[in-house]
Amino acid sequence: MPYIVSLTRRGGHFCGATIIHEKWVLTAGHCICNGLNKFMKASQIQGVMGLHSISQYLNDVRNKRDDGATQPLQVNFKNLIPHPKYQCALPENDIALLELMQPLTFSHHIQPSCLIADVGFDNHENELATVSGWGWTNENQYEGERADALRKASVRIWNNNLCKQSYQLNGRPNSEILDTQLCAGFENGGIDSCWADSGGPLMSKENYLIGIVSTGLGCARPGLPGIYTRVSKYIEWLKSVILNT
């Protein structure tokens, strides 16, 4: 998965992101919010690309070990751009662009993902998609742990209305699933993204970026699939920012 990025703050992983351009990565809007529900500064966040094991990477950094082309790449950002209608702590328009300080040189282990430019080709209901990240393995942090090595899982994409109904039947009577969101998981739960997977990619079976880990209720609970930002609904905004910045 050469397109995935670990976002770090004070040296620790906290969110995922996806390379979409030599100068841009895409993440969730809430990943650039601080504990006071204010947007962070670009200087407060770094990214690591080409990463598999966090502990191995940190050990190599401490020991100043450099394996050349296969070494993970740490990057800095010069600009954080949330969607203009996004507000911290709210699920709507949960998407943000991060502009890199320097353009990337792509390699076999650092590559951009592909986006679906035509919304008409974005109906993936009932298909399996792949979510990945370094998040927790269980919503109960006493039973799970934060992943050290990059993990991935297959989840099934739901119809939005069925997702809304399922949330309403499982303790969230006022839930809404917007057309700018999509749901993925299983009716019986068990497999899902979780804490610290936020901002990471949901990839279609054709390997297009279709979702960004956004929100949900807990992790892998029955009848409560993960909720993702539907990337195809934001293609025009992405184009406008990338082409005019």
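The following dialogue concerns the interface of domain 1 and domain 2 in a predicted model.

Student: What makes these parts two domains?

Tutor: The bounds come from an automatic or database domain assignment, which gives domain 1 as 4-113 + 235-243 and domain 2 as 114-232. Residues are numbered from 1 along each chain as its sequence is written. As the model is predicted, local features need pLDDT of at least 70 and side-chain atom pairs pLDDT 80 or more, whereas totals for chains, interfaces and linings use all residues, and side-chain values use heavy atoms, without hydrogens and water.

Student: How do you know that domain 1 and domain 2 are in contact?

Tutor: Contact means heavy atoms within 4.5 Å; 28 residues from domain 1 and 29 residues from domain 2 take part.

Student: Why is the area between domain 1 and domain 2 called buried?

Tutor: Buried area is the accessible area (1.4 Å probe) that two parts lose on being put together, summed over both. Domain 1 and domain 2 bury about 2100 Å² between them, so this value is called buried area. Of it, 62% lies on carbon and sulfur atoms. Ile4, Ser113 and Ile235 supply 28% of the area that domain 1 buries against domain 2.

Student: How do you know how many salt bridges cross the interface of domain 1 and domain 2?

Tutor: The rule asks for a side-chain nitrogen of Lys or Arg within 4 Å of a carboxyl oxygen of Asp or Glu; across this interface it finds zero salt bridges.

Student: Which strand gives the largest share of the side of domain 1 that touches domain 2?

Tutor: E2 does, with seven residues. Strands (E, at least two residues) are DSSP runs, numbered from the N terminus, and E2 spans 12-21.

Terms used
Helices (H or I, at least four residues) and strands (E, at least two) are DSSP runs, numbered from the N terminus.
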